[in-house]
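Please look over the sequence and the model shown here. A short report on how the parts of the chain fit together follows.

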Amino acid sequence: MDVLSLKEIALAVGATNDLSDWTTIEVDKVEFDSRKLEKGSLFVPLKGDNDGHDYIQSAIEKGASAAFWSEAIEKAPVGFPVLVVEDTLKALQDLAKYYLKVVNPKVVGITGSNGKTTTKDMTEAVIRSKFKVHKTQGNFNNHIGLPMTILEMPSSTEVIILEMGMNHAGEIKVLSELAEPDVAVITMIGESHIEYLGSRKGIAAAKMEIVAGLKKNGTLIYPGEEELLSPLVQELEPKQRITFGTGKTNNMYPVTIEPGMYQTKFTTNVAPEIECSIPVLGTYNVTNAMAALMVGFTLGISVEVASPELAKFNLTKNRTEWLAGINNSMILNDAYNANPTAMKAVLDNFSELMNEGRKIAVLGDMLELGETSCELHASVAGHIQSTKIDEVFLFGHEMAVLYEALKETYPVEQLHYFEDDKLTLITSLKKSIKRDDFVLVKSSLGTDLLAVVVELTK
């Protein structure tokens with residue numbers, strides 16, 4: 001973050017106390033975790049499971065220069081600069097909104113049921129071919145993470161890429177109105193968070209909240225074949241809508257796709273003479289790449305200029321990454337996130353891979369599917385064939401229905417179910433995995449199959 005004076009921050013967040021004794025104080029970093037504070041930081045004590053105000057002394061000892069404060073002023077530390085605000089979280093968001101206007105970069109917002117982090121990483125690669133870029137790190141994509149991403153932005157940033165996540169309706173609206181994107185991207189509408197949103201239609205409406213803060217001449221990039229979005233995009237001018245997808249009715253679609261284990265090559269209708277490549281498995285990732293290329297297109301970056309950077313983009317950890325496994329096997333780690341649409345797509349691509357050994361699928365519960373959970377877990381069975389995937393290991397309470405569905409088609413010795421015993425699952429996998437085997441591990445993060453990945457890659 002660029003240096004800001006306490007007086008400037010006070011005006012930005014509407015602090016109500018007298019700062020006349022501290023007008024010369026400056027800060028160059030904002031932090032809400034007192035353990036991570038550095039000298040010159042502004043401490044933001046948030047209220048959650050713990051109250052950040054309780055850690056003010058620790059913040060002072062770490063070298064904080066000032067803090068937001070929403071408790072009674074009498075409780076504030078004596079002689080230490082505090083900015084009295086009604087709500088410290090709101091103040092954090094207001095400060096981020098102010099700093100965004102100070103730096104004034106182009107803003108790209110990305111949301112979707114699946115693929116938003118991969119698309120963010122691809123978009124960064126495309127944009128860095130021409131501009132200085134700052135992006136969301138990891139999954140710092142909520143009402144706290146997004147303003148923190150903005151406040152960590154260097155003052156030289158020309159384009160900022162903000163991933164926008166959600167669990168409930170209304171959450172992306174808050175993020176969009178804070179960020180005011182010039183370009184908004186919806187990667188796909190899946191089933192994630194259907195427990196809270198009721199249906200895929202509800203999910204589509206929640207994702208469309210990304211246009212709530214879209215600038216007047218901003219652009220929405222979305223999957224043109226998603227019928228649930230079609231009626232919702234009509235509020236935008238036709239010139240504000242750009243589509244990507246597999247069909248020829250989209251603004252961008254693939255002309256050729258050449259899948260591979262470590263690389264997927266493709267060409268598009270926009271520049272059919274240019275072969276693009278992405279260093280990841282999966283034809284489904286081509287749609288993510290096209291979304292990234294369309295972001296570049298709106299910012300004046302041609303496919304010819306973008307493709308060399310796209311070919312070497314850095315994928316965030318735990319997203320469809322190949323790892324060296326035990327017994328000279330290869331582990332395809334995709335255990336960070338899962339919904340039925342994404343799991344089916346990964347299984348389809350994994351099934352078609354060529355290798356000397358066997359293919360083994362390790363699948364864990366997909367969470368937040370609500371009343372539809374049994375039906376959606378069972379629906380994955382149609383994408384698992386015993387002729388293409390040699391052995392299947394299922395883990396979690398919800399996977400019981402998929403186990404029952406697969407029992408009709410899989411030999412009993414090739415199908416394994418573990419309700420909650422992760423140690424036994426790991427032991428069984430270690431006994432089963434042989435040289436040259438490919439092992440797919442896919443689940444929601446809360447199922448914690450990342451622990452299995454760790455054991456299989458030791």
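About 1600 Å² of area is buried between domain 2 and domain 3, and carbon and sulfur atoms give 57% of that. Buried area here is the accessible area (1.4 Å probe) that two parts lose on being put together, summed over both. The size of an interface is often given in this way, as the accessible area lost when the parts come together. On the side of domain 2, E191, M261 and L281 lose the most area to domain 3, together 36% of what that side buries.

This is a predicted model: local features need pLDDT of at least 70, side-chain atom pairs count only at pLDDT 80 or more, and totals for chains, interfaces and linings use all residues. Residues are numbered from 1 along each chain as its sequence is written, and side-chain values use heavy atoms, with hydrogens and water left out.

The chain is divided into domain 1 (4-86), domain 2 (105-311) and domain 3 (321-457). These bounds come from an automatic or database domain assignment. The contact between domain 2 and domain 3 takes 19 residues from domain 2 and 20 residues from domain 3, where contact means heavy atoms within 4.5 Å. The centres of these two domains, taken over C-alpha atoms, are 28 Å apart.

What bonds cross the interface of domain 2 and domain 3? The rule finds six residue pairs in polar contact, both at pLDDT 80 or more. A polar contact is a pair of N or O atoms within 3.5 Å; within protein, one must be able to donate a hydrogen and the other to accept it, and residues adjacent in sequence count only if both atoms are side-chain atoms. Salt bridges number zero; the rule asks for a side-chain nitrogen of Lys or Arg within 4 Å of a carboxyl oxygen of Asp or Glu.UniProt (unreviewed entry) annotates two spans, tabulated below; positions are in the numbering used here, feature names are shortened, and annotations may be inferred rather than shown by experiment. Helices (H or I, at least four residues) and strands (E, at least two) are DSSP runs, numbered from the N terminus.

| UniProt annotation | Residues | Helix | Strand | End C-alpha atoms apart |
|---|---|---|---|---|
| Mur ligase N-terminal catalytic | 28-98 | 25% | 18% | 14 Å |
| Mur ligase C-terminal | 319-444 | 29% | 23% | 12 Å |

E352 sits in the loop between helix 11 (340-351) and strand 18 (359-364). Its side chain makes a polar contact with the side chain of K388 (2.5 Å). The C-alpha atoms of E352 and N17 are separated by 65 Å, and the two residues are 335 residues apart along the chain.
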